[in-house]
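Thanks for making the time this morning. I would like to walk through one structure with you, and I will ask you to keep it in view while I talk.

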Amino acid sequence: MSNGNGRADGPDGSWSTGRLAGHIKDASARGIAVAMTDLIRSGELAPGSSLPTVRALAGELAVSPSTVAEAWAVLRRHRMITTLGRRGSVVSGPPSVPHPVRYERVGDFGAHLTLDLAVAAPDPALLPPPGDALLAGARTPLLNDYSRTAITDGLLDAVRGTWPFAPEAWMAVDGGYAGVQLLCQALIVPGDRVMVEDPTAARLLDILEALDAQVVPVACDAEGPRIDALAHALGQRPALFLHQSRAQAPCGWTLSGQRAAALAAVLEDAPNVTVIEDDGIGPLATRPGASIGTHLPGRTALVRSYSKAYGPDLRLAVVGGPGELVERARVLRTFGSGWTSRILQDALAHLLTDAATTRRVQEAAERYGLRRGALAERLAGLGVPTLNRDGLMLWVPVADETSALVTLAARGVTVSPGGRFCVSYSQPHIRVATSRLSEDPATLDDTAALLALAAAATAEHLR
């Protein structure tokens, strides 16, 4: 109990329900959250302090438990408290921003890094030169005007014919993940359930976690999300289905027309579910890819990134989808940048319509395919199967993820742990970036041999 000098009532720094209630003058959900924030910011409620149950505090304040639960949700959203199931909630610390923990690099190799196979970034040598495109972009109409241009006429003309369906509205955004985040932010509220293919891109899981969405995994096979798994997930009444339509990360599948039609048929019976398709590789994909939007255009938004094909510093993707959803996203942007640089938009338009650049991008896609295929073939010969048919990576099965990572790290090689990409992790994997691999056969042999060694490693081998 408190000794009257402001000390905590419990050995872990916790306060009694009555003492905590005495600091809450406004018993609305907002008032409770504000009072708690003040106590946590000041350090009076220290990290690790146990909190009363929702029901106990509600009784002390003479309010409904839902009022306290709403305040607790606000505190969780700002990372001030953590709920530990039946053990209740504890103070985490002052308000903080969420970190994309899956995306952020793990480990510091320093000068010992000899081969980086963790980042599936484009090879600078295969990117088209941007000089002429930037000069063309500088001639964009309305240059330096403060009018907010969702998408320039030039860029719209360049992409319209490549879209798998006819969207109601268009918008240029600052990269593919920025587009997905913006649409999710415009569509869902904390606590909403979102169906996601499993495994999926780590950044997508980070985005949903930051928005306090509940992720509902959809199991997949070699062709993408399984029809039966999607139908089962719909039983949880989700608001959104978020998936990658082609060169899926990390597994490299591309949605077929037959699978897209079957998924759309299942979704047709769930009219409140919106579909967001993330095409993160854009023109580097070797297959055109089908779209659920072909069947459900009024409920599907496609985000297509051009950064990997034309240059990461362009920071450009295009969104095409339902008018209401795109308008919500546009309104959200008015609080910040308002629009994507018209110079960059029209620079991309120039690149998309330039014949020489188009040939260069096609050649780059072929080179990436050869690199991925060459490593996959060598791994298969060493008894390590991979199924990636497209993209800049391989999804490599291993006996034990930690042992594989340690084996590679000891030799100065870094890859991405497979658990980072999974919602429900059943079979251990590592993700190996192939976009910057050497094309020298001897070097590829050595890389494959090392990966095969890591794939077979177990904790017993490391002792």
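What follows covers a buried strand with its neighbours, then a small sheet, and finally a pair of packed helices.

Before the details, please bear in mind that what you are looking at is a predicted model.

Let me begin with strand S9, which spans residues 274–279. Is this strand S9 buried or exposed? Six of its six residues are buried, so S9 is largely enclosed by the rest of the structure. If we take the two faces of S9 separately, Thr 274, Ile 276 and Asp 278 lie on one side, while Val 275, Glu 277 and Asp 279 lie on the other, and both faces are covered.

Which strands pair with S9? Strand S8, residues 240–244, pairs with S9 in the parallel sense over five bridges, and within that pairing Leu 242 stands opposite Ile 276. Strand S10, residues 300–305, likewise pairs with S9 in the parallel sense, over five bridges, and here Val 275 of S9 stands opposite Thr 300 of S10. I would add that S8, helix H10 at residues 257–267, and S9 together make a β-α-β unit, and that this unit is right-handed.

Now to the sheet, which is an open one of three strands in the order S12-S15-S14, with antiparallel pairing. Strand S12, at 393–397, and strand S14, at 416–417, stand at its edges with a single partner strand each, so one side of each is left without a neighbour in the sheet. S12 pairs with strand S15, residues 429–433, in the antiparallel sense over five bridges, and in that pairing Pro 397 has His 429 of S15 as its bridge partner. Helix H14, residues 355–381, packs on this sheet and touches S12 and S15, its direction making about 15° with that of S12.

My last item is a helix pair. Two packed helices are described by the angle between their axes and the distance between those axes. For helix H7, residues 176–187, and helix H12, residues 323–333, the angle is about 100° and the axes are 9 Å apart. Since angles from 65 to 115 degrees count as roughly perpendicular, that makes H7 roughly perpendicular to H12. On the H7 side the contact is made by Leu 182, Leu 183, Gln 185, Ala 186 and Leu 187, and on the H12 side by Leu 325, Arg 328, Ala 329, Leu 332 and Arg 333. By character, the residues of this contact between H7 and H12 divide into seven nonpolar, one polar and two charged.

Terms used. Residues numbered from 1 in each chain as written. Predicted model: local features only at pLDDT ≥ 70, side-chain atom pairs only at ≥ 80, totals over all residues. Heavy atoms only, no water. Axes fitted to C-alpha atoms, helices over the stretch in contact; angles between N-to-C directions. Helix = DSSP H or I, 4+ residues; strand = E, 2+ residues; numbered from the N terminus. Parallel < 35°, antiparallel > 145°, perpendicular 65-115°, else oblique. Contact = heavy atoms within 4.5 Å. Nonpolar A, V, L, I, M, F, W, Y, C, P; charged D, E, K, R; others polar. Pairing = 2+ DSSP bridges. Buried < 20%, exposed > 50% of the residue type's maximum accessible area, 1.4 Å probe, protein only. Right-handed = clockwise from strand over helix to strand, strands pointing away.
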